[in-house]
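Subject: Structure handover and notes

Dear colleague,

I am passing on the structure we discussed, together with notes on what came out of the analysis. Please read the notes alongside the sequence and the coordinates, which follow here.

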Amino acid sequence: MAVLAEAGVEVVGENRAQDLEQKATQIERLKDFSENIVESLSVGVLTIDLDGRIESWNSFLELRFGVSREGAVGRLIEDVMPPELAAEIALSDDSERGVASIYKLPLRTAAAEIVVNIAIAPLRDKAGERQGRLILLDDITERVSLEEQIRQTEKLSSLGLLAAGVAHE
């Protein structure tokens with residue numbers, strides 16, 4: 001009887017170990033999948049804790065700001081980001097407002113001068129408690145440049161129409 005009981009305990013123990021191993025593997029796959037999604041986005045994604053320390057930093061931000069993930073995570077946002085961006089993020093720290101948006105903010109980075117749209121949302125846990133902030137940066141530099149070219153083209157077109165009207169008179 002004692003031998004059967006020990007065998008039963010061993011079988012139950014093996015089943016639990018296999019279950020835990022499967023769950024750990026599944027959690028690791030989900031973590032990798034989530035990271036792949038964030039890395040595949042064509043916008044900057046970062047999270048900061050309540051003290052303003054960077055907790056996550058994707059490859060888009062590495063390219064735009066010239067700071068590696070290892071060089072950013074754990075540091076204060078004002079130590080990593082351009083001062084004007086850090087100031088705007090600090091000004092938008094209103095947990096009651098929900099999502100804050102900043103449009104066409106010009107920034108000087110290590111690589112170039114860029115223009116970004118920014119969305120800042122509170123980061124909450126399952127209980128609804130605020131844990132930090134999620135910040136999305138969309139580089140719209142090319143779009144702004146194209147808009148300026150269109151404005152210039154429209155001005156020239158208007159000038160051409162005015163000149164044609166004067167010449168006709």
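**Helix H5 and its surroundings**

The buried residues of H5 pack against strand S1 (44-49), helix H2 (59-65), helix H4 (77-80), strand S3 (100-108), strand S4 (113-124) and strand S5 (130-139). Please bear in mind throughout that this is a predicted model.

The residues of helix H5 (residues 83-91) that make this packing are Leu 85, Ala 86 and Ile 89, the buried residues of the helix. They lie on the same side of H5, because the arc that they cover around the axis is only 100°. An α-helix has 3.6 residues a turn, so residues three or four places apart point the same way. On the other side of H5, Pro 83 and Leu 91 are exposed. For Pro 83 the relative accessibility is 63%, which is why this residue counts as exposed. The C-alpha atom of Pro 83 lies 9.0 Å from that of Leu 107, a residue 24 positions away along the chain.

**The chain as a whole**

The chain contains six helices and five strands, and from the N terminus on its elements follow the order α-β-β-α-α-α-α-β-β-β-α. Of its 169 residues, 24% are buried. Among the contacts with a separation of 6 or more, 37% are between residues 24 or more positions apart.

As to confidence, the average pLDDT of the chain is 80, and 79% of the residues score at least 70. Among the elements, helix H1 (residues 2-40) has the lowest mean pLDDT, at 70, whereas S2 has the highest, at 94. Where pLDDT is low, the predicted coordinates should not be read in detail.

**The nonpolar core**

The largest nonpolar core consists of 24 residues, and those with the most contacts inside it are Leu 46, Trp 57, Met 81, Leu 85, Ile 118, Ile 135 and Leu 137. At least two residues of this core come from each of S1, strand S2 (54-57), H2, H4, H5, S3, S4 and S5. In soluble globular proteins, nonpolar side chains tend to be buried together.

Leaving aside residues up to four places away in sequence, Met 81 touches Leu 46, Trp 57, Leu 61, Phe 65 and Leu 137. Two of these partners, Trp 57 and Phe 65, are both buried, and a search of the whole structure finds one aromatic pair. That pair is formed by the rings of Trp 57 and Phe 65, whose centres are 6.3 Å apart and whose planes meet at 55°, so the pair is tilted.

**Residues in strand S3**

Two residues of this strand may interest you. Ile 102, which is found in strand S3, counts as buried because its relative accessibility is 12%, below the cut-off of 20%. When residues up to four places away in sequence are not counted, Ile 102 touches Glu 88, Val 116, Asn 117, Ile 118 and Ile 120. With one of these, Val 116, the C-alpha to C-alpha distance is 8.3 Å, and the two residues are 14 apart in sequence.

Lys 104 also lies in strand S3, and its phi is near 50°, a positive value in a residue other than glycine. With a relative accessibility of 46%, Lys 104 counts as partly exposed.

**Polar contacts of two buried residues**

Thr 47 lies in strand S1 and, at 12% relative accessibility, counts as buried. The side chain of Thr 47 makes a polar contact with the side chain of Ser 56, at 2.6 Å. Apart from its neighbours within four places in sequence, Thr 47 is in contact with Arg 53, Ile 54, Glu 55, Ser 56, Leu 123, Arg 133 and Leu 134.

Asn 58 lies in the loop between S2 and H2, and with a relative accessibility of 1% this residue counts as buried. A polar atom of the side chain of Asn 58 lies 3.1 Å from the backbone nitrogen of Val 45.

With best regards

How values were computed:
Residues are numbered from 1 along each chain as its sequence is written. Side-chain values use heavy atoms; hydrogens and water are left out. Buried means under 20% relative accessible area, exposed over 50%, partly exposed in between (1.4 Å probe, protein chains only). Helices (H or I, at least four residues) and strands (E, at least two) are DSSP runs, numbered from the N terminus. The arc is that of the directions from the helix axis to the C-beta atoms. Contact means heavy atoms within 4.5 Å. A nonpolar core is a set of buried Ala, Val, Leu, Ile, Met, Phe, Trp, Tyr and Cys residues joined through side-chain atoms within 4.5 Å. A polar contact is a pair of N or O atoms within 3.5 Å; within protein, one must be able to donate a hydrogen and the other to accept it, and residues adjacent in sequence count only if both atoms are side-chain atoms. pLDDT is the predictor's confidence in each residue, from 0 to 100. Rings of Phe, Tyr and Trp (its six-membered ring) pair if their centres lie within 6.5 Å; planes under 30 degrees apart count as stacked, over 60 as edge-to-face and the rest as tilted.
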